[in-house]
Amino acid sequence: MAAVLKSLVQKISFGNSDSLQLKHKTSIQSNTSNTGLEKKKRKPGKEPNKIPVHHRISNYSNSAEYISDIENHIISKLLDADKKDITVDHIEFVDIPDTKANEEKDVKQENTSTKLDKERIDRMINFDYRYVESKQRTRLVHKKVYKHEHNADAGKKNSEEIVNISYPAVEVVGHGSFGVVVTTVINETNQKVAIKKVLQDRRYKNRELETMKLLNHLNTISLKYYFYEKDGEDEVYLNLILDYMPQSLYQRLRHFVHLKTQMPRLEIKFYAYQLFKALNYLHNVSQICHRDIKPQNVLVDPKTFSLKICDFGSAKCLKPDQPNVSYICSRYYRAPELMFGATNYSNQIDVWSSACVIAELLLGKPLFPGESGIDQLVEVIKIMGIPTKDEISGMNPNYKDHIFPNVKPVTLARLLKGEDSDALDLLSKALRYDPRARLPPLKCLLLKYFDEIKIRDTDAYAKAQCLRIFDFDVQTELGHVPPAELSTIEVALKQPVSQALTSL
Ligand SMILES: Nc1ncnc2c1ncn2[C@@H]1O[C@H](COP(=O)(O)OP(=O)(O)OP(=O)(O)O)[C@@H](O)[C@H]1O
């Protein structure tokens, strides 16, 4: 990985400072050889059957944009080719010799490489593997696993029995920072699943596993089975067998960006609704803060618009009297109180991240694309303005260092000019500096922005019904609502705000 990373950084560093003039060649290899998904050097004379993808791009204002475009290009080639039996052998970058003065190169390399976001590069190298159908495999793996079944009765323990399952041998199809994810089909149930394999520290319980055991909601990925295994070096690995979803929101958005078009506004609305619905469940029923909401951790099915949050590796039950680390959450989506070093933050950090995700779907690019931890705050200030003293105290009362860049804010309204004013209303209520002023997830669902999907006898309503969007469990999902407000809220969740009887 490091070598690939280095070469990528070097290649991207060519070109002049404000535009990257590169040509890259990507080889997608047919699965007639046994190369798997490793990025291997080819032996001379053994030229495999490949689908070359030549792609010349220019005028990219930054390297992140450039990488995204490559990602997207490879995805669309794979999909367009409709190849069911190909794997990505390697990604090869070929530079056009730089015509600019060579002595500038070293300086530029350094400048550009510091701009690269490691996460994006990891994604770039790993992103597309989930799209590629694995080789036809005949060998079955047999495993004894814990079958996880959630007990809907509050207070009753979930059941766990040991069962035998089998699935075709799988190869690595994706990496995250903590694990490897593969997809396969369980032989006994014919159910498509994702298996996430993480190194298990023998001293502790795995928090992701413990969290997943608590979850039972349509909009969160659910745990089907789990098992442990050892490798040759006696390291223990935990395998979580999960619901499978075809795409991440990140990949879905790149699809539209590549086509130079926008994600349909109605599709965004469906995702936004389910995202807040999932947060309402996580925060109030499971009492869990996800702490890493970002487009990569939100999985969707573009055919049905269904959505499920994944990756509970950072999730935690936040207790008011216990401090939590502030260095969590991926940078672009990090709530400002975390940047102010708060350790007593609340579940509302997920609302900020979700609003950033929704804004990104509308804009086609990240709302606050900070290049470093400190730059992240600058990006937020550039749009939201300098926080007031009260807002700073709401984020972190102990924060004394009040020096901010003197910038005139662009404002959300200007940035989202041309968007539905109700979308702006949602974002401005979810992107408040002070977490106490930030609208909680359930209140977000009651905003006018979502009226469109609540109007009966429309296609949108029919789709919403199929997704069971308006099904709320009163005991659990609405269990935290004060009794006096319950009936009003129940009505408003199912009807456009203008038709709901009482004002909220
Ligand atoms: N249930 C699933 N179905 C389909 N794909 C999945 C599933 N779970 C995870 N993935 C894919 O695998 C990738 C890595 O998974 P995940 O985020 O859980 O791993 P991680 O190691 O915790 O990653 P991160 O780098 O975000 O910490 C995700 O971006 C997602 O695209």
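**A three-stranded sheet and a loop residue, Gln-287**

Let me begin with an open sheet of three strands, in the order S11-S12-S13, whose pairing is antiparallel. Strand S11, at 247–248, and strand S13, at 306–309, stand at the edges, and each has a single partner strand, so one side of each is left without a neighbour in the sheet. I should say at this point that we are looking at a predicted model, and I will keep to what can be read from it.

How many bridges join S11 to S12? There are two, and these strands run antiparallel; if you would like a place to look, Ser-248 stands opposite Leu-299 in S12. Turning to the helix, H7 lies across S12 and S13, and H7 runs at about 35° to S13.

That brings me to the loop between helix H7, which covers 265–284, and strand S12, which covers 298–301, because this loop is where Gln-287 lies. Gln-287 is partly exposed, since its relative accessible area is 43%, a value that falls between the 20% limit for buried and the 50% limit for exposed.

Which residues does Gln-287 touch, if we leave aside its neighbours within four places in sequence? Gln-287 is in contact with Leu-282, Lys-316, Cys-317 and Leu-318. In addition, a polar atom of the Gln-287 side chain lies 3.0 Å from the backbone oxygen of Asn-284.

Finally, for a sense of distance, Gln-287 and Val-141 are 146 residues apart in sequence, and from C-alpha to C-alpha they are 36 Å apart in space.

How values were computed: Residues numbered from 1 in each chain as written. Predicted model: local features only at pLDDT ≥ 70, side-chain atom pairs only at ≥ 80, totals over all residues. Heavy atoms only, no water. Helix = DSSP H or I, 4+ residues; strand = E, 2+ residues; numbered from the N terminus. Buried < 20%, exposed > 50% of the residue type's maximum accessible area, 1.4 Å probe, protein only. Contact = heavy atoms within 4.5 Å. Polar contact = N/O pair within 3.5 Å; in protein donor to acceptor, adjacent residues only side chain to side chain. Pairing = 2+ DSSP bridges. Axes fitted to C-alpha atoms, helices over the stretch in contact; angles between N-to-C directions.
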